[in-house]
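Please look over the model shown below and then work through the reasoning behind some of the labels that can be attached to it.

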Amino acid sequence: MAAGGQPRLWEQVCAEYEAEQPPFPDVPESKCASVSLEAGMLQPAHMEQSYSAPAADPVVQQLLPCPEPPDPKTCSPREYLEYYVFPVLLPGLAELLHQAEKEKCFERKRTKFIACDFLTEWLYNKNLKRKDESFTEFFSIPFVSDWLKDHPRPPIPLSLLLSEEEASLIIQSFWRGYRVRCDSEIQELRQWQKQLREERNINKRVKEFWAKQEAKVGSKLEDSEEHEENH
């Protein structure tokens with residue numbers, strides 16, 4: 001619940017979706033939300049969910065007929081959406097909201113959760129063409145891997161990949177190191193090391209060393225060039 005006792009937006013959407021589901025749990029799924037494949041697309045058997053009456057009461061069965069789905073090639077855009085898109089897409093959006101809640105998307109400004117990736121993975125694995133196939137993660141989907149080869153993504157920041165426990169360990173480790181470095185004896189030791197480096201002129205020696213190495217390489221290149229000219 002949000003501040004003031006008002007439900008969050010995702011809670012309202014989930015409540016509305018669940019309220020539209022069949023109130024009778026004993027209805028076979030094949031007659032309430034069955035989908036079939038036709039013309040290479042996911043297609044539900046019917047949009048409006050009808051509930052089968054007992055076999056001994058044919059009158060009730062006649063009052064609740066199952067409408068035939070319209071032709072996807074000739075039906076109107078609204079019919080196409082109601083019969084062929086929404087019955088498949090709306091459950092995916094409901095799952096998307098539940099997963100977004102788990103990933104704390106409603107509590108933080110930035111998370112590692114990508115809604116389009118989740119919905120793509122969900123729809124791909126729920127496709128009836130893949131009914132007997134194993135689960136395929138997002139980056140293993142063929143068309144996704146092909147697209148990412150030509151359009152690579154930037155890496156996700158480490159701050160979004162770390163869990164709360166991992167992030168807390170890094171913060172605590174840094175804080176303990178800072179507190180140790182603030183100790184007077186540690187400060188004295190670091191000051192002594194700084195003076196020692198300055199006395200030994202480490203930086204100057206490193207520069208001299210690399211200058212000698214570059215001079216050697218340059219002389220070798222000159223000798224090789226003279227040798228090639230002679231031949």
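The questions and answers that follow concern a predicted model, and they set computed values against the cut-offs behind each label.

Q: What is the secondary structure of the chain, and which pattern does it follow along the sequence?
A: The chain comes to ten helices and two strands, and read along the sequence the pattern is α-α-β-β-α-α-α-α-α-α-α-α. Of its 231 residues, 16% count as buried, and the chain exposes about 18,600 Å², of which carbon and sulfur atoms supply 56%. Among the contacts with a separation of 6 or more, 41% are between residues 24 or more positions apart.

Q: Which residues make up the largest nonpolar core, and which helices supply at least two of them?
A: The core consists of five residues, namely Leu-96, Ala-100, Phe-113, Phe-118 and Trp-122. Helices α4 (77–102) and α5 (115–126) each supply at least two residues of this core.

Q: Why is Leu-96 called buried?
A: Buried means a relative accessible area under 20%, and Leu-96, at 13%, therefore counts as buried. Leu-96 lies in helix α4 and, leaving out residues up to four places away in sequence, touches Phe-113, Ala-115 and Phe-118. The C-alpha atoms of Leu-96 and Ile-114 are 9.9 Å apart, although 18 residues separate the two along the chain.

Q: Which residues is Phe-113 in contact with, leaving aside its neighbours within four places in sequence?
A: Phe-113 is in contact with Leu-96, Gln-99, Ala-100, Glu-103, Cys-105 and Phe-118; of these, Leu-96, Ala-100 and Phe-118 also belong to the largest nonpolar core.

Q: How do you know that the span of α5 agrees with the one expected?
A: At 1.5 Å a residue the twelve residues of α5 should span 16 Å, and because its end C-alpha atoms are 16 Å apart, the two values agree. Within α5, Asp-117, Phe-118, Leu-119, Glu-121, Trp-122 and Asn-125 are buried, and the buried residues of this helix pack against α4.

Q: What makes Asn-125 buried, and where is its place?
A: Asn-125 has a relative accessible area of 16%, which is under the cut-off of 20%, so Asn-125 is buried. Its place is in helix α5. The side chains of Asn-125 and Arg-130 are joined by a polar contact of 3.3 Å, a distance within the limit of 3.5 Å. Not counting residues up to four places away in sequence, Asn-125 touches Arg-130, Ser-134, Phe-135 and Thr-136.

Q: Why is the pair of Tyr-80 and Tyr-84 called tilted?
A: The count comes to six aromatic pairs. In the pair of Tyr-80 and Tyr-84, the ring centres are 5.3 Å apart and the planes stand at 45°; rings pair if their centres lie within 6.5 Å, and planes neither under 30 degrees nor over 60 degrees apart count as tilted, so this pair is tilted. The two residues are four apart in helix α4 and are thus separated by about one helical turn. Tyr-80 is partly exposed at 24% relative accessible area, whereas Tyr-84 is buried at 6%.

Q: What makes the pair of Phe-209 and Trp-210 edge-to-face?
A: The centres of these two rings are 5.3 Å apart and there are 70° between the planes, and since an angle over 60 degrees counts as edge-to-face, the pair of Phe-209 and Trp-210 takes that label. Phe-209 counts as partly exposed, at 44% relative accessibility.

Q: How do you know that Asp-183 caps the N-terminal end of α9?
A: A side-chain oxygen of Asp-183 lies 3.0 Å from the backbone nitrogen of Glu-185, a distance within the 3.5 Å limit for a polar contact. Helix α9 (residues 184–200) has 17 residues and reaches 25 Å from its first C-alpha to its last, close to the expected 24 Å. Just after α9, Asn-201 takes a positive phi of about 50°.

Q: Why is Lys-104 called partly exposed, and where is Lys-104 found?
A: Partly exposed covers the range between the cut-offs of 20% and 50%, and Lys-104 has a relative accessible area of 28%, so the label applies. Lys-104 is found in the loop between α4 and α5, and has a positive phi of about 60° although it is not a glycine. Most residues other than glycine have a negative phi.

Notes: Residues are numbered from 1 along each chain as its sequence is written. This is a predicted model: local features need pLDDT of at least 70, side-chain atom pairs count only at pLDDT 80 or more; totals for chains, interfaces and linings use all residues. Side-chain values use heavy atoms; hydrogens and water are left out. A nonpolar core is a set of buried Ala, Val, Leu, Ile, Met, Phe, Trp, Tyr and Cys residues joined through side-chain atoms within 4.5 Å. Buried means under 20% relative accessible area, exposed over 50%, partly exposed in between (1.4 Å probe, protein chains only). Contact means heavy atoms within 4.5 Å. A polar contact is a pair of N or O atoms within 3.5 Å; within protein, one must be able to donate a hydrogen and the other to accept it, and residues adjacent in sequence count only if both atoms are side-chain atoms. Accessible areas come from the Shrake-Rupley method with a 1.4 Å probe; for residues, only the protein chains shown count as cover. The expected span of a helix is 1.5 Å times one less than its number of residues.
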